[in-house]
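Me: I've got a structure open and I'm new to this. Can you walk me through how to read it?

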Amino acid sequence: MDAPRWKQRPDGSNWGDFGPDDQIGRLNLLNAQTRLRAIREVEEGTTFCLSLPLDYPGGNTLFQHRKAPSFFYDKRGEGHNYNYRLSSVCDCFSDVISDDAVMMFTQYSTQWDGLGHVGQMFDADGDGVPEKVYYNGYRGGVDVVGPDDADSNLGARAIGIENLATAGVQGRGVLVDLERLHGRERAVVGYDGLMAALDAQQASVEPGDFLCLYTGFADLILEMNKHPDGEVLARSCAVLDGRDAKLLQWITDSGIVAICADNFAVEAYPAGPGDGDHYPALPLHAHCIFKLGLNLGELWYFAELAQWLRAHRRSSFLLTAPPLRLPGAVGSPVTPIATV
Ligand code: UVW
């Protein structure tokens with residue numbers, strides 16, 4: 001195998017399987033057939049918005065390093081380019097114009113984690129010394145460049161979120177209704193729990209599907225009305241068990257193209273201790289994003305879709321969820337649509 005970026009790949013990874021320069025990972029399994037199968041889920045033409053308002057959760061209690069969006073308004077003439085009368089350009093113009101700009105943490109609210117979001121210290125070049133590596137061997141400081149690196153050309157020059165945007169993020173979503181089974185109790189769900197939930201719904205997952213997890217967490221956030229209670233949130237709703245090796249192997253074998261959850265991090269964060277001296281704090285992120293190139297969606301909003309699917313004894317739907325085509329970003333806000 002021609003692998004310019006690595007001599008050894010992590011155990012359980014698919015690096016190189018989609019080509020030495022692949023930048024979309026498991027999205028390669030999305031194709032015309034999987035999209036047509038998804039479109040056959042549409043019977044009524046009813047749609048559901050699967051995003052929170054992007055100024056939720058509110059504040060930065062949920063995660064201190066991500067702040068709520070703030071708007072900026074640029075100057076125009078004596079005032080601003082907002083409620084601006086175009087008659088100042090020409091007397092004949094009757095228009096009133098408003099523009100805005102926003103400073104937004106790309107992962108503040110309903111989001112996609114891009115493949116540049118989580119890497120690992122890993123000895124990809126086989127010299128005995130681990131380096132900062134991302135999916136398919138792309139390097140921290142070279143391909144994913146931050147303000148603390150030597151280079152001034154910042155951002156994800158490879159594996160940026162624009163690759164997900166152009167991959168055509170549309171396919172069949174399968175919603176696993178963990179809220180129905182666990183309510184808002186904290187439940188750490190491993191392979192057995194996930195299979196039990198799928199069985200309870202008589203649902204199955206096929207290669208090319210988006211696995212969607214409804215836990216009620218985003219509903220709780222909405223109810224907190226932009227004043228999230230961190231302690232309540234930390235002990236509420238279901239999360240996946242990223243330390244369950246059987247669950248991680250199922251993710252590999254299932255052929256799912258992404259996992260989209262309405263909770264903070266899909267998995268329990270922080271996870272319990274791992275094996276050995278060094279291990280990922282976010283083991284499911286490490287398995288999915290770093291090893292498989294499998295994007296994670298977080299803080300999605302499923303309440304109304306889940307009610308509809310329950311009422312109609314269904315689990316699957318057409319999902320359309322492209323991120324912003326924003327070159328170099330490692331994540332993106334998203335406003336997904338479910339169509340049934
Ligand atoms: C962290 O980076 C902690 O979380 P996430 O990937 O869930 O946004």
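Reply: Sure, let's start with charge. Lys and Arg count as positive, Asp and Glu as negative, while His and the chain ends are left out. In this predicted model, the chain has 28 positive and 45 negative side chains. The centres of those two sets lie 3 Å apart.

Me: What radius of gyration does the chain have, and what would a compact globule have?

Reply: A rule of thumb gives the value to compare with: 2.2 Å times the number of residues to the power 0.38. For 340 residues a compact globule would come out near 20 Å, and the chain has 21 Å, which agrees. Along its principal axes, the C-alpha trace spans about 70 × 55 × 45 Å.

Me: What is the chain built from, and how many residues are buried?

Reply: Look for nine helices and 21 strands. A residue is called buried when its relative accessible area is under 20%. Here that applies to 51% of the 340 residues.

Me: How do I read a pair of aromatic rings?

Reply: Check how far apart the ring centres are, then the angle between the planes; over 60 degrees counts as edge-to-face. The count here comes to ten aromatic pairs. Take Phe122 and Phe290: their ring centres are 6.2 Å apart and the planes sit at 70°, so this pair is edge-to-face. Phe122 belongs to strand E9 and Phe290 to helix H8, 168 residues apart, so to speak, along the chain. Both Phe122 and Phe290 are buried. Ring pairs also join them with Trp6 and Trp15 in a cluster.

Me: Which residues of helix H9 are buried, and what do they pack against?

Reply: The buried ones in H9 (residues 303-311) are Ala303, Leu305, Ala306, Trp308 and Leu309. They pack against several elements, including strand E1 (47-49), strand E13 (170-177) and helix H5 (217-223). Just past H9, Arg313 has a positive phi of about 50°.

Me: Where else does phi turn positive, and are those residues buried or partly exposed?

Reply: Compare Lys226 and Leu299. Lys226 has phi near 70° and lies in the loop between H5 and helix H6 (230-234). At 35% relative accessibility, Lys226 counts as partly exposed. Leu299 isn't a glycine, yet its phi is about 55°. Leu299 is found in the loop between strand E18 (295-298) and H9, and is buried at 1% relative accessible area.

Me: Which peptide bonds are cis?

Reply: Look at omega. The bond from Tyr56 to Pro57 is cis, with omega near 15°, and Pro57 lies in the loop between E1 and strand E2 (70-72). The bond from Tyr269 to Pro270 is cis too, with omega near -5°. Pro270 is in the loop between strand E17 (258-261) and H8.

Key
Residues are numbered from 1 along each chain as its sequence is written. This is a predicted model: local features need pLDDT of at least 70, side-chain atom pairs count only at pLDDT 80 or more; totals for chains, interfaces and linings use all residues. Side-chain values use heavy atoms; hydrogens and water are left out. Helices (H or I, at least four residues) and strands (E, at least two) are DSSP runs, numbered from the N terminus. Buried means under 20% relative accessible area, exposed over 50%, partly exposed in between (1.4 Å probe, protein chains only). The place of a charge is taken as NZ of Lys, CZ of Arg, CG of Asp or CD of Glu. Rings of Phe, Tyr and Trp (its six-membered ring) pair if their centres lie within 6.5 Å; planes under 30 degrees apart count as stacked, over 60 as edge-to-face and the rest as tilted. Contact means heavy atoms within 4.5 Å.
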